[in-house]
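Thanks for coming. Please have the sequence and the model open, and I will go through some residues and how they sit in the fold.

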Amino acid sequence: MKKINKKVILSGDPGLQNYAFCITKYNKSKLKILKIGMIKQVINNLVRNDITKKIGPKRKRETITIKGNMYLTKRYIKRFSKLLDKYKPDEVVMERFQVRFRGGQSIAECVSFMLGCLATLCEFRNIPYTWLVASQWKNAINKEIDLEKTYSHIKDKYKIEPHMWDALCQGMYVANQQNLYTYKRLKREKNKVIKHFAEKVKGK
């Protein structure tokens, strides 16, 4: 079996408020971020029609309108279709949403629906995809670097929230499994990788 030494992976940390994605090229044990950012075209309504809801404190409540599911789905599919067609990833990796708190069921439904849409896009393009449990990749990477300390460092020094770092790390989990980029190497190059990550997030 021929050894694979290069691959482009699209990875992500889905959510309704924060949906981070990262497209990374792994080539001969080197890591290069091609594109990183946040998906704004989320699907936060599973009802066909537009809905209105009131948000904010009682005295300052405002009414907002959330577009219907069909409109949001088309917008989401269009966004990911552009990413898949432009960067042509060899694999897609995303974190599954697990309900850990009361009221999280509706978020889980929306995230699962979005992952289903993405899976369909991958199927039509023959792109392998993996949905990870959070503990799966976090426990693995924590054996080499302390995630919580890394989050604090990135936030304090670069003013970046952890979602995009998580998106990168999920792709790294698969790269480590396939020996494209190991956690041992990440441990040695941690500061270099964080700097590269921060520069790409800032658009440099």
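The side chain of Arg125 reaches 3.2 Å to the backbone oxygen of Leu121. Before going further: this is a predicted model. Arg125 sits in the loop that joins H2 to strand S7, residues 129-132. Is Arg125 buried, exposed or partly exposed? Its relative accessible area is 28%, so Arg125 is partly exposed. Once neighbours within four places in sequence are set aside, Arg125 is in contact with Ser81, Leu84 and Asp85.

Arg125 also gives us a link to another loop. The C-alpha atoms of Arg125 and Lys88 are 9.3 Å apart, with their positions 37 residues apart in sequence. Lys88 belongs to the loop between helix H1, residues 69-87, and strand S6, residues 91-95. Lys88 has a relative accessible area of 59%, and therefore counts as exposed. Look at its backbone too: phi of Lys88 is near 45°, which is positive although the residue is not glycine.

A second lysine can be described in a similar way. Lys28 is in the loop between S2 and S3. Phi of Lys28 is near 50°, again a positive value in a residue other than glycine. With 59% relative accessible area, Lys28 is exposed.

Now to the inside. In soluble globular proteins, nonpolar side chains tend to be buried together. In this model, the largest nonpolar core has 36 residues, and the members that touch the most others are Tyr26, Trp137, Trp165, Leu168 and Phe197. Which elements give two or more residues to this core? They are two strands, S2 (20-27) and S3 (30-38), and four helices, H3 (134-142), H4 (147-158), H5 (163-177) and H6 (183-201). H5 gives the largest share, 9 residues. Apart from this core lies another, of 25 residues, and its members include Ile39, Leu72, Met94 and Met114.

Take Trp137 from the first list. Beyond its neighbours within four places in sequence, Trp137 is in contact with Glu95, Leu132, Leu147, Tyr151, Asp166, Cys169, Gln170, Tyr173 and Tyr183. Some of those names come back when we look at how two helices meet. On the H3 side the residues are Gln136, Trp137, Lys138, Ala140 and Ile141, and on the H5 side they are Asp166, Cys169, Gln170 and Tyr173. By type, the residues of this contact are 5 nonpolar, 2 polar and 2 charged. The axes of H3 and H5 are 10 Å apart, and the helices pack at an angle of about 80°. Why do we call H3 and H5 roughly perpendicular? Because angles from 65 to 115 degrees count as roughly perpendicular, and the angle here is about 80°.

Next, a strand residue that meets part of the chain much further along in the numbering. Ser11 is in strand S1, residues 6-13. Its relative accessibility is 1%, so Ser11 counts as buried. A polar atom of the Ser11 side chain lies 3.5 Å from the backbone nitrogen of Gly171. Leaving out neighbours within four places in sequence, Ser11 is in contact with Ala20, Phe21, Cys22, Val93, Met94, Ala167, Leu168, Gln170 and Gly171.

Ile36 is a residue of strand S3. Its relative accessibility is 10%, which means that Ile36 is buried. Away from its neighbours within four places in sequence, Ile36 is in contact with Phe21, Cys22, Met164, Phe197, Lys200 and Val201.

After S3 comes a loop that leads to strand S4, residues 51-55, and Asn45 lies in that loop. Is Asn45 buried or exposed? Asn45 counts as buried, because its relative accessibility is 2%. The Asn45 side chain reaches the backbone nitrogen of Val47 at 2.8 Å. Beyond four places in sequence, the contacts of Asn45 are Ile51, Ile66, Lys67, Gly68, Asn69, Leu72 and Cys110.

Last, Ile107, which is in helix H2, residues 105-124. Asn44 and Ile107 are 63 residues apart along the chain, while their C-alpha atoms are 7.8 Å apart. Ile107 has 23% relative accessibility, so Ile107 counts as partly exposed.

Note on methods: Residues numbered from 1 in each chain as written. Predicted model: local features only at pLDDT ≥ 70, side-chain atom pairs only at ≥ 80, totals over all residues. Heavy atoms only, no water. Core = buried A, V, L, I, M, F, W, Y, C linked by side-chain atoms within 4.5 Å. Buried < 20%, exposed > 50% of the residue type's maximum accessible area, 1.4 Å probe, protein only. Contact = heavy atoms within 4.5 Å. Polar contact = N/O pair within 3.5 Å; in protein donor to acceptor, adjacent residues only side chain to side chain. Axes fitted to C-alpha atoms, helices over the stretch in contact; angles between N-to-C directions. Nonpolar A, V, L, I, M, F, W, Y, C, P; charged D, E, K, R; others polar.
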